[in-house]
Amino acid sequence: MAETTTRSKAPLIAAAVIGVLAIGGIRACATMGDGDEGPNNPGVVPRAGCTALTIAASPEKQGIMQAIANDYNGSDREVGGECFSVTVNPLSSGGGEQILARGWDESIDGTPPDVWSPAASTWVGLLEKDLASKDRPNLVPEGEIKSVTTTPLVLAMPKPMAQALGWPKKAIGWGDVLALANDPRGWAAKGHPEWGKFKLGKTNPNISTSGLAATVGAFVAATGKSSDLTMRDIEDPTVRKFVGDVERAVVHYGDTTLTYLANLQRADDSGAGLGYVSAVAVEEKSVIDYNTGNPSGSLATVGKHPAPNVKLAAIYPKEGTLYSDSPYVILDAPWSSEEKKAGAADFLEYLQSDAAQKRFTDVGFRTFEHEAGKVIQDSDELIADGVKIELRAPGPDVLDAVRSTWAELRKVARVLLLLDVSGSMGEPAGGSTKLELAKAAAIKALSQFAPRDQVGLWVFTTDLTTPTGFYAELAPVAPISQNRNLIERSVRNLVPLNGTPLYAAIRAGVAEMGEAFENDKINAVVVLTDGQNEYPPDNDLDGLIRELDSGGETTLRVFSIAYGEGADLETLKKISEASRAAAYDATNPANIDKVFTAVLSNF
C-alpha cells in the first residue's frame with residue numbers, strides 16, 4: 001500500500017396448533033445504504049426530446065449528482081449532434097454489485113443503468129470477480145475507470161473522547177482503539193469512568209462501503225506495515241486475532257452508518273451524546289453532515305435540525321485509510337449502445353469540470369483528485385491533510401478473502417426472532433399471502449447467520465393456550481448449527497391466527513433475552529409485525545419505551561420490520577429508536593426478502 005499525502009419455546013406456531021397450541025425493499029427507516037446515505041433526490045429536470053441516460057449512483061452522492069445532472073440537462077451540450085437527458089437513481093453499492101452480478105432484472109430492479117457509480121472501486125473489482133465465478137460476461141470496460149468525487153474513511157469520535165486520546169496533536173489509529181476496547185477499565189483508563197466501556201460502530205462489509213474499508217484498514221493495522229495486503233497476511237494467526245479483537249468492540253453491525261449517526265443525534269438531543277457510541281467508522285463527509293445537524297446528508301433536510309451539542313471529530317487512522325473514490329463505470333451491458341456510451345462520457349467530463357467539482361466540495365466531498373474544499377478547510381473537527389497514508393484497495397481475491405474471514409471473526413450474535421402470526425397475516429400479497437412471503441424470506445435469511453450465532457424463534461398472537469396466552473416459543477435460543485432445522489420446520493408450518501399483542505410480546509421477548517444478556521455478543525430481538533397493538537391488557541407504549549431506553553451498557557436492541565400497509569411504522573420506529581436500533585419499512589410485502597436481508601446485516 002502506497003504512502004502518499006491526501007492529494008495523491010415450541011416451534012413457530014406449527015400449522016395446526018392443537019390443544020395447547022393446536023399443534024405444537026430495501027429500505028430502513030433510519031438507513032439507506034452503504035457509506036451510501038440518502039435519500040437525496042432533488043427531483044429530475046429532464047431535457048425534452050433527448051436520449052435518456054440512466055445512472056445508478058451510491059445514495060450518499062445521488063442527490064448532488066442529480067442536481068448537477070439537472071444543470072447538464074438544461075445546457076445545450078450535444079455529442080455528435082445528439083443530446084442526452086440524465087437521470088441519477090440511488091443504488092447502494094453492495095446491493096448494486098449483487099444485482100449486477102446475478103443479472104439485472106428490469107421487472108424487479110427497475111430501469112437498467114447505463115452507468116454504475118458505487119461509492120468505491122472495491123465494488124468494481126468484486127463485481128468482476130463475481131461475474132467471472134458465475135461465468136457471466138464482464139460488464140466492466142477495459143482501461144482506466146475515472147472517479148467522480150472522493151471522501152476518505154475516518155473514525156468519527158465525539159470530540160471530547162477524541163481529545164481524551166490526544167486528538168488533534170496525537171496520531172490515533174486502530175491500535176489505540178483496540179487497546180482501549182480491550183482495557184477492562186474502559187474510558188476510566190483515560191480519566192473518564194462516566195463514559196463506560198469503549199463501544200465501536202462498524203457496518204457490515206458485505207454490503208457497506210465504509211464497513212468494507214474499515215475491515216481492510218483493521219487488517220492492514222494488524223500487519224504493522226503499510227504495504228499491499230496479501231492472502232498470507234489474512235491467514236496470519238496474529239493478524240486474525242487483532243481483527244477479531246477489534247470486532248468484539250462492535251456494538252452491532254448494519255447496512256449503513258446512518259443507523260449509528262441517527263441514534264447518536266437522538267442521544268445528543270437528550271443530553272446523552274457521550275453515552276451511545278465511542279467511535280464509528282464512517283466517511284469524512286458523514287462527519288460534516290452530522291456536525292451540521294443533518295446526519296442523512298439529504299439535500300431535502302439541510303437546516304431542519306440544529307447542530308449537535310457534542311460534535312464528532314474525524315480521526316484519520318495513522319496506519320492508513322482507504323478513499324471512497326466514486327468510480328464512474330460506463331457499463332458494457334446488453335442494453336448499452338455506443339450512442340449512450342458517448343453521452344455517458346460527456347456527462348463524466350461535465351462532472352469533472354471545476355464548476356461541478358465545487359458543487360461536490362460545497363457539500364463536504366473532496367474533488368476526484370482528493371482536494372479538500374472550503375467546507376473541510378474551515379472545519380474545526382476535520383483536518384484537510386489528515387490522510388498521511390492512503391491505502392490502495394486490495395485486489396478482488398484478497399477483498400473476497402477479507403469478507404469471508406470477517407464472517408469467521410465478527411462478533412457473535414444472540415438473536416430472538418419474534419414473528420406476528422395474527423389473522424391479518426393471511427391477507428393476499430403478490431399472488432400469495434403476507435405470511436407465506438414472510439416465511440420464505442425468513443427461511444432464506446437464516447443463511448446470513450454464522451454457525452456459532454445463537455438464534456431462537458417465538459411467534460405471537462392473542463388467545464393462545466400457552467401460559468401467557470400471547471406468545472409461543474417454537475425454538476429456544478441456541479447455536480443455529482443446532483437450531484436451524486427446527487426453526488425452518490416451524491416456520492414452514494405457520495398459519496395466521498388471531499389478534500396482535502405487539503407491546504406485550506416485545507416486552508416479554510426483551511425480558512427473556514435480557515435475563516441472559518451476554519456482553520461479548522450482539523444481543524437483539526427482531527420483530528416482524530403487520531399490524532397495530534390489539535391487546536387491551538398491555539397498551540402501555542410509553543412504559544415499553546422507557547424500559548428500552550434505560551438499558552445502559554446492557555442495552556438489548558429491538559430491530560423492527562413494519563410489514564404490509566397496516567403496520568404501525570411510526571410506533572415501531574419509536575420502539576427501535578429507544579433501544580438504539582432501527583426500524584425497517586416493508587409496507588410493500590414484495591420487499592420483505594430484501595428487508596430481511598438488510599435487518600440481519602446487523603448481526
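The following legends describe close-up views of a predicted model.

**View 1. The largest nonpolar core and phenylalanine 596.** The largest nonpolar core holds 131 residues, and within it Phe596 and Phe603 touch the most other members. Helix 7, spanning residues 209-223, contributes nine residues to this core, the most of any element. Setting aside neighbours within four places in sequence, phenylalanine 596 contacts Leu419, Ala438, Ala441, Ala442, Ala445, Gln448, Leu528 and Ile561. Another core, of 29 residues, lies apart from this one and includes Leu416, Tyr503, Ala508 and Leu544. In soluble globular proteins, nonpolar side chains tend to be buried together.

**View 2. The open sheet of four strands.** The strands of this sheet follow the order 4-3-5-11, and their pairing is mixed. Strand 4 (84-90) and strand 11 (329-330) are the edge strands; each has a single partner strand, so one side of each has no neighbour in the sheet. Strand 3 (residues 51-57) pairs with strand 4 in the parallel sense over seven bridges. One residue of this pairing is isoleucine 55, whose bridge partner in strand 4 is valine 88. Helix 12 (residues 338-351) packs on the sheet and touches strand 3, strand 4, strand 5 (115-117) and strand 11. The direction of helix 12 makes about 60 degrees with that of strand 3.

**View 3. The crossing of helix 1 and helix 12.** The axes of helix 1 (residues 59-73) and helix 12 come within 11 Å and cross at roughly 110 degrees. Helix 1 is therefore roughly perpendicular to helix 12. On the side of helix 1, the contact is made by Met65, Ile68, Ala69, Asp71 and Tyr72, which meet Gly343, Asp346, Phe347, Tyr350 and Leu351 in helix 12. By class, this contact comprises seven nonpolar, one polar and two charged residues.

**View 4. The open sheet of six strands.** Here the strand order is 16-15-12-17-18-19, with mixed pairing. Strand 16 (471-479) and strand 19 stand at the edges with a single partner strand each, so one side of each is left without a neighbour in the sheet. From one strand to the next, the twist averages 15 degrees. Helix 17 (residues 480-492) packs on the sheet, where it touches strand 15 (454-460) and strand 16. The direction of helix 17 makes about 155 degrees with that of strand 16.

**View 5. Strand 19 and its partner.** Strand 18 (residues 557-563) pairs with strand 19 in the parallel sense over four bridges. Within this pair, serine 560 stands opposite alanine 583 in strand 19. Both faces of strand 19 (residues 583-586) are covered. Ala583 and Asp585 are buried on one side, and Tyr584 and Ala586 are buried on the other.

**View 6. The packing of helix 19 against helix 20.** Helix 19 (residues 541-548) and helix 20 (residues 569-578) pack at an angle of about 25 degrees, and their axes are 8 Å apart. Helix 19 is therefore roughly parallel to helix 20. In this contact, Leu541, Leu544, Ile545 and Leu548 of helix 19 meet Thr571, Lys574, Ile575 and Ala578 of helix 20. The contact consists of six nonpolar, one polar and one charged residues.

**View 7. Alanine 132 in helix 4.** Alanine 132 belongs to helix 4 (residues 122-133). Its relative accessibility is 55%, and alanine 132 therefore counts as exposed. The C-alpha atom of alanine 132 is separated by 9.1 Å from that of alanine 101, which is 31 residues apart along the chain.

Technical notes: Residues are numbered from 1 along each chain as its sequence is written. This is a predicted model: local features need pLDDT of at least 70, side-chain atom pairs count only at pLDDT 80 or more; totals for chains, interfaces and linings use all residues. Side-chain values use heavy atoms; hydrogens and water are left out. A nonpolar core is a set of buried Ala, Val, Leu, Ile, Met, Phe, Trp, Tyr and Cys residues joined through side-chain atoms within 4.5 Å. Buried means under 20% relative accessible area, exposed over 50%, partly exposed in between (1.4 Å probe, protein chains only). Helices (H or I, at least four residues) and strands (E, at least two) are DSSP runs, numbered from the N terminus. Contact means heavy atoms within 4.5 Å. Two strands pair if DSSP finds at least two bridges between them. Axes are lines fitted to C-alpha atoms, for helices over the stretch in contact, and angles run from 0 to 180 degrees between N-to-C directions. Angles under 35 degrees count as roughly parallel, over 145 as roughly antiparallel, 65 to 115 as roughly perpendicular and the rest as oblique. Ala, Val, Leu, Ile, Met, Phe, Trp, Tyr, Cys and Pro count as nonpolar, Asp, Glu, Lys and Arg as charged, and the others, Gly among them, as polar.
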